[in-house]
Amino acid sequence: MRRLVDTSPHITIRDQYRNIPKQAAEQLYPQGAIALRGVKPKTELRGIRQYRKHLSAIEALGGIRAAPILAGQAIFSFAGRNEAVSLSGIVPSKMRDVSAIDEDMVAGSLDALDVDTNGIVIGRALAKKLSLRMGENIIVVSPSGNVRPMRIVGLFETGNSNYDETQTFANLTRVQALLNRPNVANTIVVKLDDATRAREVAATIEATIGYKSVSWQEASKDLLDTLVVRNVIMYSVVGAILLVACFGIYNIISTVVLEKTRDIAILKSMGFHSADIRRIFVTEGAIMGISGSLLGLGLGLLMMRAIAAVEIRPPGYTGVVHLPVYWGFDQFLIAAGFAVGSAVIAAWLPARKGSRVQPVDILRGAT
Amino acid sequence: MSVLVAEKLGRTLDGEVPVTLVQDADVTIERGEFVVIRGPSGSGKSSLLYLLGLLDKPTSGRLLIDGKDTVGFDDDERADVRLRKIGFVFQFHFLLGEFSALDNVRMPMRKLGQLGESAQVERAQALLDSLGLADQAHKRPSQLSGGQRQRVAIARALANDPLLILADEPTGALDTKSSENVRLILRELASREGRSIVAVTHDPGFASAADRQVQIVDGKIVA
């Protein structure tokens, strides 16, 4: 989950509207009795217009970093080979704040796009595919037929083979010129200081600028729903295990209470109260719970380390990755808390039974 | 003021056929008095002792301990009276096997909580010393002889300085020499320390050391 939040934009604003804008006649006469068929929508230049103004408005909300992107298609031509790629026009200083691509640079840097406006950053896999090297020039052809030679100023490697072979970055202004879409961006990606606010911030942005704003929760709804199902299954299994452990502790304490019935009678004959007897056995249960939790946490940590060391090659990834393991302290606290709590509850029932022992019933028949 | 006064004390077990364990028992125990309860097996000696020691609830009559009527006391109130005013010695020592002799003697003091830890240890050691167990303090019950265990039990009964010691066949499981020893100890506790002793016994030799004997037959005090 953390990886999802860290690597994806928290909010993605696209040059789309969630609801189809109403036509002029419909706006003027919402209750009109006559339907006009075949009215063509107004032809608009695609993209987020006045994106700089929107960017300022978004950043003014506070705790937000935003970067404009103009994404389009292009063809790379080099040494007689042509390759279709995705070309994203970016502002490097802003892109660094919202994306991890800067951390994936293996040669050059995003900043070079500011220094050399004809510069382009491509994936190492694409460079390998076209036998390109840093500093070499390629011909970039846009769908509108614009042709521009560009120089490779950086290489990145994310490990995602498809991304590394098809994604490229260039200066926003240069891409706007290449794609014949001046002063336009078609995506604004947003990162928040507090990712959990993404849903409400996205709604605020959409209400403010009108363009469709999708939070990471909305974008990953299917995945999040799957995680909910996974959690339900996981907690059901853990709950069942805890229940079994509870019965185990209940049995142990019941046996101990049975074995110690005479001692309970002795203590009560001395003047110990029922509550004292309960406390003894509940404490014993709690000690079992704490000891078991510490042992379980130790074993769990060892197993987690073993799992984290497992190397896998996910489909579409060029590199080797380790199985993701969540090391958050909260999960250990919850597990230990539930285990100790269950142990105390499991011990309380036989402790209560033990505390009700009448000494005379035991002492009269004891030998 | 009498340490213990029982008036018309009775105990009947409920059931399809009610069973009377003790019937209309009138008993008065004075300070420093050593009284033995005698009677045939099943006559209700131990049942009377448990009633007098607040281990069992009477179904009739009154029981005053140190002037306070205990009828109507709940379990915790009766436990408090046992803790502060009564010490028990049973036929079988009933020491806690996991604890040393010293810790067994400390147990009632720990519950009472009037003494600090070091004072508890000091008092427990002094009690064991007085009963000739100075060197046995750190041994567990399983490492002691029967006579030594019973003396530890007596030391434990004395832990909270009780007014009354109730003993149920205290020599029943001991050899002659140990029985004699226990008898002398109880006698001295009554004579020198002014503690009241009530003991159930079958042993005529033990009974001869008492100031007074109470005879019980079929749950009724006959003499």
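**Notebook: chains A and B, predicted model**

I began just past helix H1 of chain B, where Leu54(B) follows with a positive phi, near 65°. I am working on a predicted model throughout.

**Helix H1 of chain B**

I looked up how covered this helix is. H1(B) spans residues 45–52, and 7 of its 8 residues are buried. I listed the buried ones: Lys45(B), Ser47(B), Leu48(B), Leu49(B), Tyr50(B), Leu51(B) and Leu52(B).

Leu52(B) led me on to the core. The largest nonpolar core has 55 residues, and Ile37(B) and Leu52(B) touch the most other members. I then pulled the contacts of Leu52(B), setting aside residues up to four places away in sequence. The partners are Leu4(B), Ala6(B), Leu9(B), Ile37(B), Leu63(B), Ile65(B), Ile86(B), Leu166(B) and Val198(B). A second core of 46 residues is separate, and its members include Ala66(A), Ala170(A), Leu178(A) and Tyr211(A). I noted the general background too: in soluble globular proteins, nonpolar side chains tend to be buried together.

**The six-stranded sheet of chain B**

I traced the strand order next. The sheet is open, has 6 strands, and reads S6-S7-S8-S3-S9-S10 with mixed pairing. Which strands stand at the edges? They are S6 (86–89) and S10 (220–221) of chain B. Each has a single partner strand, so one side of each is left without a neighbour in the sheet.

I checked one pair inside this order. S7(B), residues 164–168, and S8(B), residues 196–200, run parallel over 5 bridges. Ile165(B) has Ile197(B) in S8(B) as its bridge partner.

**Strand S7 of chain A and its partners**

I moved to chain A and followed S7(A), residues 147–156. Strand S4(A), residues 105–108, pairs with S7(A) in the antiparallel sense over 3 bridges. In that pair, Ala107(A) stands opposite Leu155(A). Strand S5(A), residues 119–123, pairs with S7(A) in the parallel sense over 5 bridges. There I found Ile122(A) with Leu155(A) as its bridge partner. Strand S6(A), residues 137–141, is antiparallel to S7(A), again with 5 bridges. Ile139(A) stands opposite Pro149(A) in S7(A). The S6(A)–S7(A) hairpin has 5 residues between its strands, and Gly145(A) takes a positive phi near 95°.

**Val121(A)**

Is Val121(A) buried or exposed? I read 0% relative accessibility, so Val121(A) counts as buried. Val121(A) lies in strand S5 of chain A. I counted as contacts only residues beyond four places in sequence. Among them are Met105(A), Leu110(A), Val153(A), Leu155(A), Phe156(A) and Phe169(A). Phe169(A) is 48 residues from Val121(A) in sequence, yet their C-alpha atoms are 5.0 Å apart.

**Glu206(A)**

I checked a charged residue as well. Glu206(A) sits in helix H9 of chain A, residues 198–209. Its relative accessible area is 18%, under the 20% cut-off, so Glu206(A) is buried. Beyond four places in sequence, Glu206(A) contacts Arg18(A), Tyr211(A), Lys212(A) and Ser213(A).

**Salt bridges**

I count 29 salt bridges over all chains. I opened the one between Asp111(A) and Arg96(A), at 2.1 Å from N to O. Asp111(A) is in the loop between S4 and helix H5 (112–115) of chain A, and Arg96(A) is in helix H4 (residues 92–98), so the pair ties together parts 15 residues apart in sequence. Asp111(A) is partly exposed at 36%, and Arg96(A) is partly exposed at 30%.

Then I looked for a network. Which residues are linked in one? Lys260(A), Arg262(A), Asp263(A) and Glu98(B) are. Asp263(A) bridges to Lys260(A), with the closest N and O atoms 3.8 Å apart. Arg262(A) also bridges to Asp263(A), at 3.9 Å. Asp263(A) is buried at 12%. Lys260(A) is partly exposed at 23%, and Arg262(A) is partly exposed at 27%.

**A nonpolar surface patch**

Last, I looked at the surface of chain A. Met303(A), Ile307(A), Val310(A), Ile312(A) and Leu323(A) make a nonpolar patch of about 390 Å². Ile307(A) lies in helix H13 of chain A, residues 274–308. With a relative accessible area of 40%, Ile307(A) is partly exposed.

Notes: Residues are numbered from 1 along each chain as its sequence is written. Chains are lettered from A and ligands numbered from 1 in the order in which they are written. This is a predicted model: local features need pLDDT of at least 70, side-chain atom pairs count only at pLDDT 80 or more; totals for chains, interfaces and linings use all residues. Side-chain values use heavy atoms; hydrogens and water are left out. A nonpolar core is a set of buried Ala, Val, Leu, Ile, Met, Phe, Trp, Tyr and Cys residues joined through side-chain atoms within 4.5 Å. Buried means under 20% relative accessible area, exposed over 50%, partly exposed in between (1.4 Å probe, protein chains only). Contact means heavy atoms within 4.5 Å. Two strands pair if DSSP finds at least two bridges between them. Helices (H or I, at least four residues) and strands (E, at least two) are DSSP runs, numbered from the N terminus. Patches are made of residues with over 30% relative accessible area and no salt bridge: like charges are joined within 9 Å, nonpolar side chains (Val, Leu, Ile, Met, Phe, Trp, Tyr) within 5 Å. Accessible areas come from the Shrake-Rupley method with a 1.4 Å probe; for residues, only the protein chains shown count as cover. A salt bridge is a side-chain nitrogen of Lys or Arg within 4 Å of a carboxyl oxygen of Asp or Glu.
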